[in-house]
Amino acid sequence: MVERKDELINIFSKDIREILNRVSVDFNEVQEIRLRAAGPLLMIYRNEEYYVATNGVLSQERTDAYVASKNELKETMEYMSNHSLYAFEEEMKQGFITIQGGHRIGIAGKTILDESGIKTMKYISFINVRLSHQVKGCAQPVLPYVYGGGNDICHTLIISPPRCGKTTLLRDLIRQISDGVKDHPGVTVGVVDERSEIGACFQGVPQNELGIRTDILDCCPKAKGMMMLIRTMSPRVIAVDEIGSREDIEAVEYVMNCGCKLIATVHGSSIDDIKQKPVLRKLVEERTFERYIILNSQGRIGNIDQIYDSRGTQLYKAPLQPVGKLWDRQEWAYG
Amino acid sequence: MDRTYFKLLGAALVIISSTGLGFYMAAQWTEHLKTVERLKKMILLLKGEIVYANSPLTEAFERTGKKAGGGMGDLFVAVAERLIRQQAEPFFTVWQEEIDNLPKEVCLSKEDKQNLKGLGEHLGYLDMDMQERNILLYLEQLDLTIGYLRKHKQEKSRLYSTLGIMGGLFLTIVMY
């Protein structure tokens, strides 16, 4: 636990580092830390937003909040990028960088444009640190649905609004399918980790556990990566996060036609939401995916709300959940 | 008899040490040239790591330093290690301090060190183009230094060794 806190606070400027060091909450339950130039230091902890005071106390009173300066944001950017902003040029064009540990840093400021689109970003005045969570065993409740019949894995689409734990669920699904679970031997899984969020690779080595039979193509565009993996690593299952572009869909069809199984995630809150997206509608109408897992944050982050099959038949519906912890570790504890 | 003997011995010592000093100065010139040439190779490696492999500074410095070895290699590794420790120190500060801590055996002039510090001022800042231009600018400075050291190598070597011998002889005559 201490390691995670240390690893995380080291990305901030000296003063903010000292303040966060005084914060005594469990950093495994922290979801976001937000910095704005001349704005209060905010922390999202157990689904609640708090101001962080100079003495490290989480408060609901704005007057208590520590106010970050522009220079602190600049300093923070230098440390977050390991003194190498240039190495994150491509990610910065998309408005985020992923750091060691798989945490995603969202940034906003003044965008610089050229003929091809966004060239870079300057005057970075807004930073949102989204903490990655590795919850081993959280995919346990969905495994019986992902394994359709026998050892066959179904093409699965995880649908979830942002901050509802789709990447965390995908990560654990990959780990369990790769390692193998009771009655289901492990299979080779290929992961295209475009934003380094799934495996959180550092110098090519995944920091998150993704299973013993998993090959990861880090920082690679999904469409190209899926094709490459099929040609080079012969995976049985391919896993990708946040599909949505036309190229992604073409690659998905290619993967399925090659006999590989696909597990993907997408932003949305229902199958109807997915049907609204022109490029994804075709996949739903053609019944390409055999399972749809819909997540929400009712009661807790990563709540499995509903599971459907390819025809839209409901296979599972969650009972109403009481408000609980970020992730219920006890319930999903899995050896 | 004894006095003459001691005088001759003293004269021989003066001439030997003065000649030695001259040859040492000439060797320093050559060593300086070798160090700057080695530094140029390291900067080219660093450029490759940054521009082609897109490595962050910690990785680029560590790899280049380990590959190159020697005093300059140790400088690069030391910088990488301090950055990895994440002690909330800006890169430029770390870079300047480590250059100031270079051992005396590393044969670099004050001006060379100043130029080397200048390289670190903009390293890591902004985009890849900026890194490449910054490194290319420094490589041009190194080329000028190497050109100057090479051009004057023979002449300076001869000058220092001759001055050493002649200076020794002159001192001996004056003291006799």
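How far apart do the C-alpha centres of domain 1 of chain A and domain 2 of chain A lie? They lie 28 Å apart. Welcome to this structure, which is a predicted model. Let us start with chain A and then move on to chain B.

**The two domains of chain A**

The domain assignment of chain A gives residues 2–130 to domain 1 and residues 140–332 to domain 2. Where these domains touch, eight residues come from domain 1 of chain A and 10 residues from domain 2 of chain A. On the side of domain 1 of chain A that touches domain 2 of chain A, there are no nonpolar residues; five are polar and three are charged.

**Where chain B meets chain A**

Now to the contact between the chains. Here 15 residues of chain A are in contact with 18 residues of chain B. Two elements of chain B, α2 (57–68) and α6 (128–151), each give two or more residues to the side that touches chain A. By class, that side of chain B has 10 nonpolar, six polar and two charged residues.

**Helix packing inside chain B**

Helix α3 of chain B (residues 70–84) is a good place to look next, as it packs with helix α1 of chain B (residues 2–52) and also crosses α2(B). The table sets out the two pairs.

| Helix pair | Axes | Angle | Crossing |
|---|---|---|---|
| α1(B) and α3(B) | 9 Å apart | about 40° | right-handed |
| α2(B) and α3(B) | within 7 Å | roughly 155° | left-handed |

Take α1(B) and α3(B), whose angle is about 40°. That angle makes α1(B) oblique to α3(B). From α1(B), the residues T35(B), R38(B), L39(B) and M42(B) meet G70(B), M72(B) and F76(B) of α3(B). This contact of α1(B) with α3(B) is made up of four nonpolar residues, two polar and one charged.

Turn next to α2(B) and α3(B), which cross at roughly 155°. How does that angle place α2(B), roughly parallel or roughly antiparallel to α3(B)? It makes α2(B) roughly antiparallel to α3(B). On the α2(B) side, the residues that meet α3(B) include L57(B), F61(B), G65(B) and A68(B). Among their partners in α3(B) are G73(B), V77(B), A80(B) and I84(B). By class, the contact of α2(B) with α3(B) holds 10 nonpolar, five polar and three charged residues.

G70(B), M72(B) and F76(B) are worth finding in the 3D view: these residues of α3(B) take part in the contact with α1(B) and also in the contact with α2(B). While there, recall that α2 of chain B also gives two or more residues to the side that touches chain A.

Note on methods. Residues numbered from 1 in each chain as written. Chains lettered and ligands numbered in written order. Predicted model: local features only at pLDDT ≥ 70, side-chain atom pairs only at ≥ 80, totals over all residues. Contact = placed C-beta atoms within 7 Å. Helix = DSSP H or I, 4+ residues; strand = E, 2+ residues; numbered from the N terminus. Nonpolar A, V, L, I, M, F, W, Y, C, P; charged D, E, K, R; others polar. Axes fitted to C-alpha atoms, helices over the stretch in contact; angles between N-to-C directions. Parallel < 35°, antiparallel > 145°, perpendicular 65-115°, else oblique. Left-handed = near helix turned anticlockwise from the far one by under 90°. Domains from an automatic or database assignment.
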